[in-house]
Amino acid sequence: MCAQFKNMDANNDGKLELHEIEAFLMKQAMETALPMITEQLKAVKAQIADELKKAFAKADADGDGFVDRAEFDVVLQEAKDAGESSEEMELMDFDAMDENKDGKISEEEFMKYMGKAMKKKFREELIKQFA
């Protein structure tokens, strides 16, 4: 008990102030929650990567490992027909995905582009939540 008191008494004045108790409890909560959150994020990241790979494979109609402009246009039209949001449609930018400008999108280019787009969106959502 004495050790916990010393742990909480950040300014070592022999008294516990509310902010010291709050800080101690927050630290304890984070030490408990952080490993669980990290594992959950790893699982979500793996699931998203799997879904993106499936989407790429579906778009690669001829199975050559690339999505060319014609295949991309089919996916774009299907997304429009399915009523995708304008926000989702904005992400569908062939020229931005085709990083090396060879006229086709490799799985690596697709994954890199989508990863950046999703990170940006995630940051925007976090800012909204904590603003």
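# Salt bridges, pockets and a surface patch

Good morning, everyone; I would like to begin with a group of four charged residues, E87, K121, E125 and K128, which are linked in a network of salt bridges. Before I go further, please keep in mind that what we are looking at is a predicted model.

Let me stay with the salt bridges for a while. Side chains of opposite charge can pair when their charged atoms come close. How many salt bridges does the structure hold? The count is eight, and apart from the network I will go through three pairs with you.

The pair I take up now is E31 with K27, whose side chains meet in a salt bridge with a nitrogen-to-oxygen distance of 3.9 Å. Both E31 and K27 belong to helix α2, and they sit four residues apart, which is about one turn of the helix. If you ask whether E31 is buried or exposed, the careful reply is that E31 is partly exposed, because its relative accessible area is 48%, and a residue has to be over 50% to be called exposed.

Another pair is D95 with R69, where the side chains meet in a salt bridge at 2.9 Å, again from N to O. Here the two partners come from distant parts of the chain, since D95 is in helix α5, residues 94-97, while R69 is in helix α3, and 26 residues separate them. D95 is partly exposed, with a relative accessible area of 45%, and R69 also counts as partly exposed, at 38%.

The last pair I will describe is E99 with K112, in which the closest N and O atoms are 3.1 Å apart. This salt bridge, too, links distant parts of the chain: E99 is in the loop between α5 and β2, the strand at 104-106, whereas K112 is in helix α6, 13 residues away. E99 is partly exposed, at a relative accessible area of 45%, and K112 counts as partly exposed at 38%.

Now let us turn to the pockets. The largest pocket has a volume of about 890 Å³, and of the 29 residues that line it, the closest to its centre are E88, L91, M92, F110 and M114. Which elements give two or more residues to this lining? They are α2, α3 at residues 69-81, α4 at residues 86-91, and α6 at residues 107-130. The largest share comes from α6, with eight residues. As for the character of the lining of the largest pocket, it divides into 18 nonpolar residues, 11 charged ones and no polar ones.

The second largest pocket has a volume of about 590 Å³. Among the residues that line this second pocket are L41, V44 and I48, together with M111, M118 and F122, and α2 and α6 each supply at least two residues of the lining. If we sort the lining of the second largest pocket by type, we find nine nonpolar residues, one polar residue and two charged residues.

I mentioned L41 just now, and L41 comes up again on the surface. M26, M30, L34, I37 and L41 form a nonpolar patch there, with about 470 Å² of accessible area together. One of these, M26, is found in helix α2, which runs over residues 18-59, and M26 counts as exposed because its relative accessibility is 52%.

To finish, I want to show you two residues whose backbone angles deserve a look. Most residues other than glycine have a negative phi, and most peptide bonds are trans. For N12, however, phi is near 55°, a positive value in a residue other than glycine. N12 is found in the loop between α1, residues 2-8, and α2, and N12 is exposed, with a relative accessible area of 61%. K101 has a phi near 55° as well, again positive in a residue that is not glycine. K101 lies in the loop between α5 and β2, and K101 is exposed because its relative accessible area is 56%.

Finally, you can use N12 to get a sense of distance in this model: N12 and L76 are 64 residues apart in sequence, and their C-alpha atoms are 63 Å apart in space. Thank you for listening.

Notes
Residues are numbered from 1 along each chain as its sequence is written. This is a predicted model: local features need pLDDT of at least 70, side-chain atom pairs count only at pLDDT 80 or more; totals for chains, interfaces and linings use all residues. Side-chain values use heavy atoms; hydrogens and water are left out. Patches are made of residues with over 30% relative accessible area and no salt bridge: like charges are joined within 9 Å, nonpolar side chains (Val, Leu, Ile, Met, Phe, Trp, Tyr) within 5 Å. Accessible areas come from the Shrake-Rupley method with a 1.4 Å probe; for residues, only the protein chains shown count as cover. Buried means under 20% relative accessible area, exposed over 50%, partly exposed in between (1.4 Å probe, protein chains only). On a 1 Å grid over the protein atoms alone, a cavity is a set of points where a 1.4 Å probe fits but cannot get out, and a pocket is an open set with protein on both sides within 12 Å along at least five of seven lines; lining residues have an atom within 4 Å of a point. Grid points are joined across faces, edges and corners, and a volume is the space filled by probe spheres set on the points. Ala, Val, Leu, Ile, Met, Phe, Trp, Tyr, Cys and Pro count as nonpolar, Asp, Glu, Lys and Arg as charged, and the others, Gly among them, as polar.
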